[in-house]
Amino acid sequence: MTDGDDWRADLAAAGELTPAVVERVTAIHGDRGARAIEAVAEGRVKEYRDFTVVVGHSDEYVVEGRGCTCEDTLYNLDPDDPTDLCWHALAAAIADPIDAADHHDMYYSDVREFL
């Protein structure tokens, strides 16, 4: 774990988004961190059997680890910097340890056909 990720341990220990964790996430990740926290608070992180999906304003984005299908990940982020994440990946990382994802007992690949 890098110094920039120490909020993850605090988040897991607290089991919820505390003011201290929110402050640290936004200090490290700026607007991306704020958007991620907003997405978690609004229930826009969905956990399927095969993927985690974060609902954005115009599309849904598949998140796997620190990777995401969004253009920010494809074009703007430094793949060698483990703290340089899009807000979708941050939202998934925040939602997971506090069990804030909306769980769906189905495969996203089956659902995506209907969207």
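**Exercise 1. Describe the largest pocket of this predicted model: how much space lies in it, and what lines it?**

Step 1. Start with the space. The largest pocket holds about 200 Å³.

Step 2. Turn to the lining. It is made of 17 residues. Nearest the pocket centre lie Val63, Gly65, Ala89, Ala92 and Ala93.

Step 3. Sort the lining by class. There are 9 nonpolar, 6 charged and 2 polar residues.

Step 4. Find the contributing elements. β1 (45-47), β3 and α4 (87-95) each supply at least two lining residues. The most come from α4, which gives 4 residues.

**Exercise 2. Place strand β3 among its neighbours: which strands pair with β3, and in what sense?**

Step 1. Take β2 (residues 52-55). β2 pairs with β3 in the antiparallel sense, over 4 bridges. Val53 stands opposite Val62 in β3. A hairpin of 4 residues joins β2 to β3.

Step 2. Take β4 (residues 67-68). β3 and β4 are also antiparallel, over 2 bridges. Here Val63 faces Cys68 of β4.

Step 3. Look at the turn. The hairpin of β3 and β4 has 2 residues between the strands, and Gly65 takes a positive phi near 65°.

**Exercise 3. Decide whether Glu60 is buried or exposed, and find what its side chain contacts.**

Step 1. Locate the residue. Glu60 belongs to β3, which covers residues 60-64.

Step 2. Apply the cut-off. Buried means under 20% relative accessible area. Glu60 has 14%, so Glu60 is buried.

Step 3. Check the strand. In β3, 4 of the 5 residues are buried, so the strand is largely enclosed by the rest of the structure.

Step 4. Find the partner. The Glu60 side chain makes a polar contact with the side chain of Tyr108, at 3.0 Å.

Terms used:
Residues numbered from 1 in each chain as written. Predicted model: local features only at pLDDT ≥ 70, side-chain atom pairs only at ≥ 80, totals over all residues. Heavy atoms only, no water. Buried < 20%, exposed > 50% of the residue type's maximum accessible area, 1.4 Å probe, protein only. Polar contact = N/O pair within 3.5 Å; in protein donor to acceptor, adjacent residues only side chain to side chain. 1 Å grid on protein atoms, 1.4 Å probe; cavity = no way out; pocket = protein on both sides within 12 Å on 5 of 7 lines; lining within 4 Å. Points joined across faces, edges and corners; volume = space filled by probe spheres on them. Nonpolar A, V, L, I, M, F, W, Y, C, P; charged D, E, K, R; others polar. Pairing = 2+ DSSP bridges.
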